[in-house]
Amino acid sequence: MKKKTFIFIVTMLSTLAYATVAFAASSVTGDTVEYDFRNGQAIAKGNVTITNDDGKATSKEANYNTKSGEGKLTGSVVANKKDTKVTCHTLNIAQAGNHLTAIGNAVLKQQDKTLRADQVEYDSNRQYAETVGDWAQLALDDGSTMDAANMNYNMKDGVANAHGNVRVISPPRKLTARGDNAIYNTKQEDGTVQLIGHATATQDGNTVNGETLTLKGAGGKIAIAEGNVKLVYVPKASPAALPPIADIQGKDNYQELKIYSWPGDVIQVASADTTTSIA
């Protein structure tokens, strides 16, 4: 059966799980929809939308079984559920909707944290995400990022494990850090990052190295290094003492002198006779 903007209400609700809870599909729409009432298989093409009371998934095409809660969405997939959003090229739905595979520039965003990779596997029962491929990134809304070859992220516990050439960049804290591996606990002490193996961090020109390095308090307020520790500290330059202001000698033969401090702000202006030097 084909019909423009065909809508059906699913009698036995199936589940489309993405992010943290299951998605119970209540309707499917598309430019064309073929639906087999015997086995619950729906094939939709063009402006596809699968909805329920508090969530929605859109794509260009969908092959979805309303009875098993399993299927595949293809083409510019966008899925929203409460505070979580998934975007990708292809979304595979398995295990009665409890397991998702987002493929092709996969992005999983929950609250202020965004996980990116070529492919993301997500188990809604465990609230557990794992990247597949050779790059992954966990980003915060404040612009801070953690990059690695691959990651797994337990959203329930708020702990991310990063493996392979880990790099942390936090512009708000003027911090950069690296390590072979990392454990990021988003719920501990306003965010704690433990870098493991060839760890190094630089902040405000100061660098600390160690076999392990723990950054506590929003990633940089406290640094704890262990194993072959090396610290390079760059003290801030003290402001130069101002020379005394010269007395003005004479009435007509004088010039204006300006005294500058780096990077060039005028800090004192004086007038002095051209034949008199400043002591």
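In strand β9, T114 is the bridge partner of K109. The model described here is predicted, and this report starts from that strand and its neighbours.

**Strand β9 and its two hairpins**

Strand β9 covers residues 113-123. Eight of its eleven residues are buried, which leaves the strand mostly covered. Strand β8 (residues 99-110) runs antiparallel to β9, and ten bridges join the two. Together β8 and β9 make a hairpin, with two residues between the strands. Q111 lies in that turn and has a positive phi of about 55°.

On the other side of the sequence comes strand β10, residues 128-140. β10 pairs with β9 in the antiparallel sense, over ten bridges. In this pairing, Y128 of β10 stands opposite D123. β9 and β10 also form a hairpin, here with four residues between them. The turn includes Q127, whose phi is positive, at about 55°.

**Salt bridges**

How many salt bridges does the structure hold? There are six. Side chains of opposite charge can pair when their charged atoms come close. Three of the salt bridges are listed below, including two with a residue of β9.

| Salt bridge | N to O distance |
|---|---|
| D112 and K113 | 2.9 Å |
| R38 and D36 | 3.2 Å |
| R126 and D123 | 3.9 Å |

The residues in these pairs vary in how much they are covered. Is K113 buried or exposed? K113 counts as buried because its relative accessibility is 16%, and the cut-off for buried is under 20%. Its partner D112 has a relative accessible area of 32% and is therefore partly exposed. D123, which pairs with R126, is buried, with a relative accessible area of 14%. R38, the partner of D36, has 72% relative accessibility, so R38 counts as exposed.

**The nonpolar core**

The largest nonpolar core has 47 residues. Which residues have the most contacts inside this core? They are L73, L91, L138, M146, M151, V166 and L195. L138 falls within the residue range of β10, 128-140.

M151 can be followed further. Leaving aside residues up to four places away in sequence, M151 touches L115, A129, E130, T131, A136, Q137, L138, M146, N161 and A162. Among these, L138 and M146 also belong to the core residues with the most contacts. L115 lies within the range of β9, residues 113-123, while A129, E130, T131, A136, Q137 and L138 lie within that of β10, residues 128-140. M151 thus touches residues of both strands of the second hairpin.

Terms used:
Residues are numbered from 1 along each chain as its sequence is written. This is a predicted model: local features need pLDDT of at least 70, side-chain atom pairs count only at pLDDT 80 or more; totals for chains, interfaces and linings use all residues. Side-chain values use heavy atoms; hydrogens and water are left out. A nonpolar core is a set of buried Ala, Val, Leu, Ile, Met, Phe, Trp, Tyr and Cys residues joined through side-chain atoms within 4.5 Å. Buried means under 20% relative accessible area, exposed over 50%, partly exposed in between (1.4 Å probe, protein chains only). Contact means heavy atoms within 4.5 Å. Two strands pair if DSSP finds at least two bridges between them. A salt bridge is a side-chain nitrogen of Lys or Arg within 4 Å of a carboxyl oxygen of Asp or Glu.
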